[in-house]
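Reader: Could you take me through one part of this model up close, and then show me how it fits into the rest? I'm at home at the bench, so plain language would be lovely.

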There are 4 protein chains.
Amino acid sequence: MKTGFIGLGRMGSGMAARLCHAGHEVTVFNRSAEKAVPLAAIGAKVAKRIAEVSDCEALFTMLADDAAAEQVVFGKGGVLESLPQGAIHVSCSTISVEFSARLSAAHREAGQGYVSLPVFGRPDAAASGRLYLVAGGKQDQVEKIRPLLEVLGQKTFHVADSPESANLVKLSGNFLIASVIESLGEAFALVEKGGVDRKMYLELLTSSLFDLPVYKNYGRMIAERQFDPAGFAARLGRKDIRLLLGAAEDLKVPLPFAGILRDRFLELAAQGGDDRDWSAIGGLAARDAALDS
Amino acid sequence: MKTGFIGLGRMGSGMAARLCHAGHEVTVFNRSAEKAVPLAAIGAKVAKRIAEVSDCEALFTMLADDAAAEQVVFGKGGVLESLPQGAIHVSCSTISVEFSARLSAAHREAGQGYVSLPVFGRPDAAASGRLYLVAGGKQDQVEKIRPLLEVLGQKTFHVADSPESANLVKLSGNFLIASVIESLGEAFALVEKGGVDRKMYLELLTSSLFDLPVYKNYGRMIAERQFDPAGFAARLGRKDIRLLLGAAEDLKVPLPFAGILRDRFLELAAQGGDDRDWSAIGGLAARDAALDS
Amino acid sequence: MKTGFIGLGRMGSGMAARLCHAGHEVTVFNRSAEKAVPLAAIGAKVAKRIAEVSDCEALFTMLADDAAAEQVVFGKGGVLESLPQGAIHVSCSTISVEFSARLSAAHREAGQGYVSLPVFGRPDAAASGRLYLVAGGKQDQVEKIRPLLEVLGQKTFHVADSPESANLVKLSGNFLIASVIESLGEAFALVEKGGVDRKMYLELLTSSLFDLPVYKNYGRMIAERQFDPAGFAARLGRKDIRLLLGAAEDLKVPLPFAGILRDRFLELAAQGGDDRDWSAIGGLAARDAALDS
Amino acid sequence: MKTGFIGLGRMGSGMAARLCHAGHEVTVFNRSAEKAVPLAAIGAKVAKRIAEVSDCEALFTMLADDAAAEQVVFGKGGVLESLPQGAIHVSCSTISVEFSARLSAAHREAGQGYVSLPVFGRPDAAASGRLYLVAGGKQDQVEKIRPLLEVLGQKTFHVADSPESANLVKLSGNFLIASVIESLGEAFALVEKGGVDRKMYLELLTSSLFDLPVYKNYGRMIAERQFDPAGFAARLGRKDIRLLLGAAEDLKVPLPFAGILRDRFLELAAQGGDDRDWSAIGGLAARDAALDS
């Protein structure tokens with residue numbers, strides 16, 4: 001399928017490469033052009049302008065936030081102006097529910113398709129096609145891009161016809177992970193102050209009730225108090241909790257755990273920790289308890 | 001090994017039966033004697049008094065709470081008076097850290113051994129020897145009862161020399177599970193109000209990032225809003241969070257998530273839900289959001 | 001002084017009337033013109049367009065929120081286009097800190113003055129000149145409008161040169177009041193369930209340690225569980241807490257009490273209480289405790 | 001009236017002196033006898049044993065906590081054994097609701113009266129008879145000691161027939177004060193980080209909406225970040241919040257603000273701040289926001 005890809009960060013590069021390897025006709029675009037070089041080496045065409053990369057059937061975007069997506073889509077010479085009628089914009093960025101709804105309306109009005117496709121997984125999963133894909137959009141549009149989805153992820157969940165529901169689900173997933181981190185942070189602080197060895201405790205948890213990568217990975221970081229380098233930066237976690245709370249405000253859903261996570265990310269940011277791994281919020285309970293770090 | 005067992009509730013019965021089947025010489029005692037009948041049928045001797053069941057090398061207790069354990073151990077004619085010197089009291093009850101420390105001191109003074117052995121697992125795991133055992137106590141005492149532990153659990157974690165550390169770890173484990181329940185409750189309320197089907201959402205979570213029994217079991221109960229009959233009653237969850245916060249108070253460890261869980265269990269209890277499954281706290285976020293139940 | 005006034009709600013009408021009575025030359029403007037009739041009767045000139053009302057030395061705006069203010073100031077034919085150079089826009093609306101900073105920059109660039117002047121007090125205080133005025137802006141601009149301030153308020157606090165600081169202070173004041181409401185709600189629920197009469201308790205509090213109108217007024221509403229009609233609607237309280245948390249996010253300040261207030265207002269809104277007095281959040285603790293209402 | 005007084009700390013000394021000055025026949029007792037010397041100088045008889053001080057019509061106790069009161073009342077040779085039938089034990093200590101109920105039952109059984117009389121006010125108010133007295137107990141017993149109450153306080157509130165209700169009310173009052181401290185701590189941290197001078201902000205708050213000693217005194221301590229020496233030690237505030245939450249647990253009343261206060265006091269204690277004034281929890285929001293202290 002004739003495919004475009006905008007946004008070649010660590011996630012986007014891996015995904016675009018998957019599409020190339022699978023034999024799709026891929027054009028890529030990135031603000032800083034050097035990111036496109038490795039993809040050109042495996043057959044991608046490199047676009048100089050958004051209008052060029054938009055000349056396709058399915059245009060993926062994987063961008064940092066609402067602001068970046070707004071510029072790429074609504075800006076002069078942007079996606080909205082240049083995507084052909086009937087082509088589908090596949091938005092993989094973790095953006096706000098509200099902005100996703102705005103994208104949906106704009107594309108519909110322009111006669112273009114729009115599928116929201118946030119993903120779960122880290123860069124290595126993106127590069128190896130083992131992402132979990134959360135799709136929001138009309139059934140026929142999702143079906144049309146199905147061959148591409150099969151290359152990118154190990155599983156696709158089509159959660160609703162409204163694209164923005166997929167963004168809400170994505171944010172809720174990150175909330176669940178952040179809740180795991182915070183609960184581990186509190187549990188570790190408590191048992192350590194009670195005389196239990198952190199590594200022993202980690203082993204106990206993750207070889208019994210919590211034998212799951214999320215607990216193993218973040219538990220290890222907390223047990224070792226090692227939050228650098230960041231796999232997923234705290235500033236991004238902070239953004240996601242802010243977007244989650246924004247959606248909860250619009251939907252009128254009180255979320256007490258999320259309120260605490262918000263304060264944790266703010267405390268971390270105030271201390272200069274925005275660039276650490278987001279699991280660094282799991283070290284704050286120990287700090288509150290005056291445990292040595 | 002000559003073994004005694006006091007407390008034949010759903011957990012204790014299964015554990016005592018395991019010991020019988022494994023060929024140990026087991027004497028049992030329960031306040032209401034009819035609970036002992038099935039065990040007598042498989043070879044257990046039934047004691048009429050605590051003094052009788054205490055005549056052993058290792059005496060297990062699996063009781064409801066501090067008050068019950070206090071009566072059995074410190075009461076007239078109780079364990080402390082009747083357990084032979086050198087014999088070991090193995091306490092499996094989920095009791096407070098403070099009371100466990102008191103038991104430890106009393107047994108030491110009386111020349112008796114004391115191993116704290118709280119367990120993770122539901123009655124079916126108790127009956128089939130698949131419990132996770134958390135042991136606190138002196139190395140030699142834990143080694144002495146090792147053959148019994150191998151019959152009762154799939155794995156034993158010896159967390160510290162001080163018996164009460166095991167109780168702290170047990171409470172922290174229940175805190176982690178309760179945190180999963182609350183985080184799921186909030187996530188379900190949010191996505192449902194945002195238009196996502198609960199069953200679809202459960203499927204998505206538990207077949208991707210959260211492929212773990214804890215998430216599957218409690219997620220299903222929340223998705224179906226079905227919290228009866230109780231596998232583990234809310235009043236017990238409430239007690240455990242109270243004990244956890246009591247230990248945290250003594251150790252001076254702030255625990256914001258635990259504070260929220262406390263309020264959730266109190267809200268549930270105020271509404272008459274103390275006998276429902278403890279996962280019923282996972283329905284309160286939906287109530288706060290005015291979702292139909 | 002030649003004065004303009006945009007926004008003739010309950011607060012704005014009273015303030016504009018004060019300025020008329022004090023002999024200033026006042027022109028008023030309101031979206032729905034009938035609100036201007038009583039002011040015309042006491043000598044105000046009624047403008048048909050913003051350009052007309054802007055022809056003055058000091059232009060007051062008292063509007064509902066950021067969106068309303070944005071339209072009035074930045075819209076075509078709006079304040080920014082029509083206010084004379086050197087004239088001062090005096091913004092009394094409770095708007096976001098971020099938007100106030102944006103107003104400040106825009107007016108500076110246009111050669112116009114800008115004083116942020118949020119107020120504390122209810123409509124009766126506005127009508128009688130007993131408001132507390134919180135001023136943010138350059139010293140010389142604040143001095144220039146001083147004669148008007150003396151008519152409007154019993155006291156003016158010039159908190160900082162940056163206008164948006166005044167908005168932050170205003171939001172913090174509403175946060176403090178909302179905290180009083182929530183703390184009273186919790187205290188009343190507790191003592192009532194413990195057998196103490198609510199009216200007696202109110203009398204005790206407000207004739208001893210808490211002899212203050214804020215405690216008396218809101219305490220009485222909570223004691224009587226009477227939250228209608230609204231003096232200040234819950235939806236406005238909800239907005240203010242949202243703006244407060246938005247400012248706290250930008251400044252990286254964790255605010256645990258504010259997080260709880262946010263959830264309270266969302267819970268109230270979910271139950272359809274957005275139009276009740278904001279003190280209705282003080283009834284939620286009783287609801288959580290399953291007290292009859 | 002023939003009056004006894006046990007517990008001559010800073011509060012008790014002032015109260016006992018008031019009773020002496022008013023011409024009552026006062027016998028005093030204190031664990032460390034030197035505290036009685038100034039009272040002997042103004043006419044008090046000094047008892048050597050509890051049995052001696054108990055020989056009276058009304059016996060006041062003003063002790064540190066449940067444990068101290070338990071020893072004095074239930075210990076061998078204690079109040080319960082020695083107070084004459086028909087005499088009244090007037091307990092002014094801030095004790096738990098549960099323990100107060102236990103005292104009530106024990107005295108009733110022994111044919112003795114019991115009035116719970118916690119007080120609001122600092123040592124200077126005790127010495128000058130300006131305390132607020134919260135009385136719980138039977139009408140006739142409260143009436144009997146009314147002449148003494150008029151000497152001790154500026155106002156007495158008889159809140160309920162059950163003595164322990166007075167203890168609940170006392171705890172709720174300290175909760176309200178602690179909520180003021182926390183809300184001020186958050187507000188100060190926010191506006192300071194937003195560029196507002198702390199002293200100016202204090203002046204604004206306390207000369208407008210919050211013109212009340214509680215706000216003035218604690219606001220000043222927070223504005224000056226000066227929490228030593230303690231007027232009321234953090235460890236006592238921590239104890240009171242623990243007792244409040246214990247009562248709320250028994251009554252099944254969720255209290256989210258109280259949960260946050262609990263964590264604040266624990267955080268302060270973990271950092272070694274248990275002996276500072278309890279308003280030191282009002283400095284933690286600034287710490288979380290990484291403001292210089």
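Author: Happy to! Let me begin with a yardstick: the radius of gyration here is taken over C-alpha atoms, and the rule for a globule is 2.2 Å times the number of residues to the power 0.38. Please keep in mind that this is a predicted model. For the 293 residues of chain A, a compact globule would have a radius of gyration near 19 Å, and chain A has 20 Å, so the two agree. The C-alpha trace of chain A spans about 65 × 45 × 35 Å along its principal axes. Its secondary structure consists of 15 helices and nine strands. Of the 293 residues in chain A, 61% are buried. Among contacts in chain A with a separation of 6 or more, 66% are between residues 24 or more positions apart.

Now for the close look, at helix H14 of chain D, residues 256-270. With 15 residues at 1.5 Å each, H14(D) should span 21 Å, and its end C-alpha atoms are indeed 21 Å apart, which agrees. Is this helix enclosed or open? A residue counts as buried when 20 or more other C-beta atoms lie within 10 Å of its own. By that test 15 of the 15 residues of H14(D) are buried, so the helix is largely enclosed by the rest of the structure. Just after H14(D), D:Gly272 takes a positive phi of about 85°.

H14 also takes part in the meeting of two chains. In that interface, 48 residues of chain D are in contact with 50 residues of chain C. On the chain D side, the elements giving two or more residues are strand E9 (153-160), helices H10 (163-193), H11 (198-206) and H13 (234-251), and H14. H10(D) provides the largest share, 16 residues. Sorted by class, this side of chain D has 32 nonpolar, ten polar and six charged residues.

How are the chains arranged? A turn of 180° with a shift of 0.0 Å along the axis lays chain D on chain C with an RMSD of 0.0 Å. The two copies are thus related as by a two-fold rotation axis. The same surface serves both copies, as 100% of the contact residues of chain D recur in chain C.

Chain C can likewise be superposed on chain A, by a rotation of 180° with 0.1 Å of shift along its axis (RMSD 0.1 Å). The C-alpha of chain C nearest that axis belongs to C:Gly259, 2.8 Å from it. Here too the same surface serves both copies: 93% of the contact residues of chain C recur in chain A.

Methods. Residues numbered from 1 in each chain as written. Chains lettered and ligands numbered in written order. Predicted model: local features only at pLDDT ≥ 70, side-chain atom pairs only at ≥ 80, totals over all residues. Helix = DSSP H or I, 4+ residues; strand = E, 2+ residues; numbered from the N terminus. Expected span 1.5 Å × (residues − 1). Buried ≥ 20, exposed ≤ 12 C-beta atoms within 10 Å, placed from the backbone. Contact = placed C-beta atoms within 7 Å. Nonpolar A, V, L, I, M, F, W, Y, C, P; charged D, E, K, R; others polar. Least-squares fit on C-alpha atoms with pLDDT ≥ 70 in both.
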